[in-house]
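Trainee: I'm new to this one. Could you take me through a single part up close, the aromatic rings?

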Amino acid sequence: MAGIYLHIPFCKKACHYCDFHFSTSLKYKKDFLGALEKELILRAGEFKNETVETIYFGGGTPSILEVDEITAILKTIEKEYNVIEFPEITLEANPDDLSDKKIRELAKTDINRLSIGVQSFGDKELQMMNRAHNATEVKQCLETATLYFNNITIDLMYGIPGLSNAEWKKNIEQALFYGVNHISSYALTVEEGTALHHFIKNKKYPEVDENVAAAHFHILVSELTQAGFDHYEISNFGKPNFYSKHNTSYWLATSYLGFGPSAHSYNQNTRSWNIANNAKYIKSLQNDELPLTQETLTVKDRFNEYIMTGLRTIWGVSLHKIETDFGVEIKEFLEKQIEPFIENGTLELKQNQLKTTHKGKFLADGIASDLFWI
Ligand code: SF4
């Protein structure tokens, strides 16, 4: 089982909080598509013994591509890779790109899952984040998209300064109203070098308050679990049978190949990442060279990564796996490290499975880093 990730490095506007790799100029789009095709062909040998079960168009903004550009990429993948009969194929899309016509056209392709970057149902928050869409476009696109796709996930952002608990709850209610089967929800974080960081430093925006984010998170968990969603990863909620297969494979450490500038790849022993620069990515592939850097993962790296991802999911961390994959010394180290967290009720150990409790969920990343083997 393996996955393919495609990074489409273009966006209409730069969202104030974003530190992903993208360009707001479409100047290199045609050359990028040529380079992406070349990368898909050059790296096919890396997956000669793998079966591709999921394909994920991420970015950037993949919905910026024309439908025939998307189908051309899928055709190359189908030709070069061993893809199962009905793979999960997700397209990240922004509401302003999802006209009725485009949704209808996308529904005729092999794409069977839309990941819509809603972020908020409120114009105030959308403007503050500098999103390219408004609340009316969100509603219009969800009305149509739910007619043509039954597997839809939306992104919602919480912890936005000025967003009250009542307003946040209303956002969640709106999402439920449209009957989406999956929601990914992240706290607004301030990354260095982003416009948001600059505005906060210059007192143009209020600081992000962790207590507000924590309150929003608890509302989110309570509303969505009551509505029948499984909280299967710290930031992901899905109805049964609607978990993201692609992202689950990341969390369960199966192999994936990432294509396009800044995309990462992983195969249990190594991790690699492509250059985060569109022009250099294109030039390198035009010269038949792969624009990537690779590192071999040590036992320590693999252990730390397993702890980090495992504690974020409902599957948790298996102590049996720790012993067989990483050795008895690391298992004993972990058993010692988890004692205070078991005592304070943020972790629980049942039948050799270590999981975060309800109390520990919001703190999962911090707990994981305290358990790292350094
Ligand atoms: S659309 Fe997504 S990738 Fe593009 S700037 Fe906004 S958050 Fe970043």
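Mentor: Here is a walk through the ring pairs, and then the charges that sit over rings. Keep in mind that this is a predicted model. The structure holds 21 aromatic pairs, so let's pick out a couple, starting with Phe32 and Tyr281. Their rings are tilted, with 40° between the planes and 6.1 Å from centre to centre. Phe32 belongs to helix α1 (residues 29-42) and Tyr281 to helix α10 (residues 278-286), so this pair ties together parts that lie 249 residues apart in sequence. Both partners are tucked away from the surface: Phe32 is buried, at 1% relative accessible area, and Tyr281 counts as buried too, at 0%.

Now hop over to Tyr158 and Phe217. This pair is also tilted, with centres 6.3 Å apart and planes at 45°. Here strand β5 (residues 152-158) supplies Tyr158 and helix α8 (residues 210-226) supplies Phe217, which links distant parts of the chain, 59 residues apart. Tyr158 is buried, with a relative accessible area of 4%, and Phe217 is buried at 2%.

Rings can join up in bigger groups as well: ring pairs link Phe303, Tyr306, Phe326, Phe333 and Trp373 into a cluster. Stay with Tyr306 for a moment, since a charge comes in there: Lys321 lies over the face of Tyr306, 5.3 Å from the ring centre. Elsewhere, Arg43 has its charged end over the ring of Phe259, at 5.2 Å from the centre.

Methods
Residues are numbered from 1 along each chain as its sequence is written. This is a predicted model: local features need pLDDT of at least 70, side-chain atom pairs count only at pLDDT 80 or more; totals for chains, interfaces and linings use all residues. Side-chain values use heavy atoms; hydrogens and water are left out. Rings of Phe, Tyr and Trp (its six-membered ring) pair if their centres lie within 6.5 Å; planes under 30 degrees apart count as stacked, over 60 as edge-to-face and the rest as tilted. Helices (H or I, at least four residues) and strands (E, at least two) are DSSP runs, numbered from the N terminus. Buried means under 20% relative accessible area, exposed over 50%, partly exposed in between (1.4 Å probe, protein chains only). A charge sits over a ring if NZ of Lys or CZ of Arg is within 6 Å of the ring centre and within 35 degrees of the ring normal.
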